[in-house]
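This report describes one helix, the elements it packs against, and the sheet beside them. The sequence and structure come first.

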Amino acid sequence: MATKHQDGSLLETKRTQLAPPPLYKVLLLNDDFTPMDFVIVVLQRFFAMDREQATRIMLKVHTEGKGVCGVYPRDVAATKVEQVTGFARSNQHPLACVMEEN
């Protein structure tokens with residue numbers, strides 16, 4: 001630790017510890033209208049999953065009502081939600097994508 005003397009007082013440098021930013025889960029929610037193949041395409045395109053991994057997540061969404069696509073910092077998670085929602089709407093699917101704090 002470095003020390004400096006200034007005007008008769010002792011100054012010490014302190015390291016500040018920053019907490020890591022909070023992370024957010026990006027989730028897909030099940031609905032009765034979006035085709036399973038479309039969900040797989042979304043997972044591959046926006047979350048860089050291979051077909052096998054995307055299929056597993058899609059089945060989890062289908063059977064449990066929701067599935068985690070990934071965990072990201074807030075800005076990245078919000079961008080993913082916007083991209084997926086926009087893509088789904090442009091293809092006329094009601095697929096819901098949300099984020100929640102991890």
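## The end of helix H1

The model is predicted. Just after helix H1, alanine 48 has a positive phi of about 50°.

H1 itself covers residues 36-47. With twelve residues at 1.5 Å a residue, the helix should span 16 Å, and its end C-alpha atoms are 16 Å apart, so the two values agree.

## What H1 buries

Seen along the sequence, the buried residues of H1 are Phe38, Val39, Ile40, Val42, Leu43, Phe46 and Phe47. An α-helix has 3.6 residues a turn, so residues three or four places apart point the same way.

The cover over these buried residues includes two strands, E3 (23-29) and E4 (66-73), and two helices, H2 (51-64) and H3 (74-90).

## H1 against H3

Two packed helices are described by the angle between their axes and the distance between the axes. For H1 and H3, the axes come within 11 Å and cross at roughly 140°. That angle makes H1 oblique to H3, because only angles over 145 degrees count as roughly antiparallel. The crossing of H1 past H3 is right-handed.

On the H1 side, the residues that meet H3 are Phe38, Val41, Val42, Arg45, Phe46 and Phe47. Their counterparts in H3 are Lys80, Gln83, Val84, Phe87 and Ala88. Phe38, Val42, Phe46 and Phe47 are among the buried residues of H1 and also take part in this contact.

## H1 against H2

The axes of H1 and H2 come within 9 Å and cross at roughly 125°. H1 is therefore oblique to H2 as well. This crossing, too, is right-handed. H1 contributes Met36, Asp37, Val39, Ile40, Leu43 and Gln44 to the contact, and H2 contributes Arg51, Ala54, Thr55, Ile57, Met58 and His62.

Which residues does methionine 58 touch, leaving aside its neighbours within four places in sequence? Methionine 58 lies in helix H2 and is in contact with Met36, Val39, Ile40 and Leu43. Its relative accessibility is 7%, so methionine 58 counts as buried. Methionine 58 and leucine 28 are 30 residues apart in sequence, yet their C-alpha atoms are 8.6 Å apart in space.

## The sheet

Strands of a sheet pair through backbone hydrogen bonds, either parallel or antiparallel. Here three strands form an open sheet in the order E4-E3-E5, with antiparallel pairing. E4 and E5 are the edge strands; each has a single partner strand, so one side of each has no neighbour in the sheet. Neighbouring strands are turned by 25° against each other on average, direction ignored. H2 packs on this sheet, where it touches E3 and E4, and its direction makes about 125° with that of E4.

E3 and E4 are joined by seven bridges in the antiparallel sense. Within this pair, leucine 27 has valine 68 of E4 as its bridge partner, and lysine 25 has valine 71 of E4. E3 also pairs with strand E5 (residues 96-101), again in the antiparallel sense, over six bridges. In that pairing, leucine 29 stands opposite alanine 96 of E5.

Key
Residues are numbered from 1 along each chain as its sequence is written. This is a predicted model: local features need pLDDT of at least 70, side-chain atom pairs count only at pLDDT 80 or more; totals for chains, interfaces and linings use all residues. Side-chain values use heavy atoms; hydrogens and water are left out. Helices (H or I, at least four residues) and strands (E, at least two) are DSSP runs, numbered from the N terminus. The expected span of a helix is 1.5 Å times one less than its number of residues. Buried means under 20% relative accessible area, exposed over 50%, partly exposed in between (1.4 Å probe, protein chains only). Contact means heavy atoms within 4.5 Å. Two strands pair if DSSP finds at least two bridges between them. Axes are lines fitted to C-alpha atoms, for helices over the stretch in contact, and angles run from 0 to 180 degrees between N-to-C directions. Angles under 35 degrees count as roughly parallel, over 145 as roughly antiparallel, 65 to 115 as roughly perpendicular and the rest as oblique. A crossing is left-handed if the near helix is turned anticlockwise from the far one by less than a right angle, and right-handed if clockwise.
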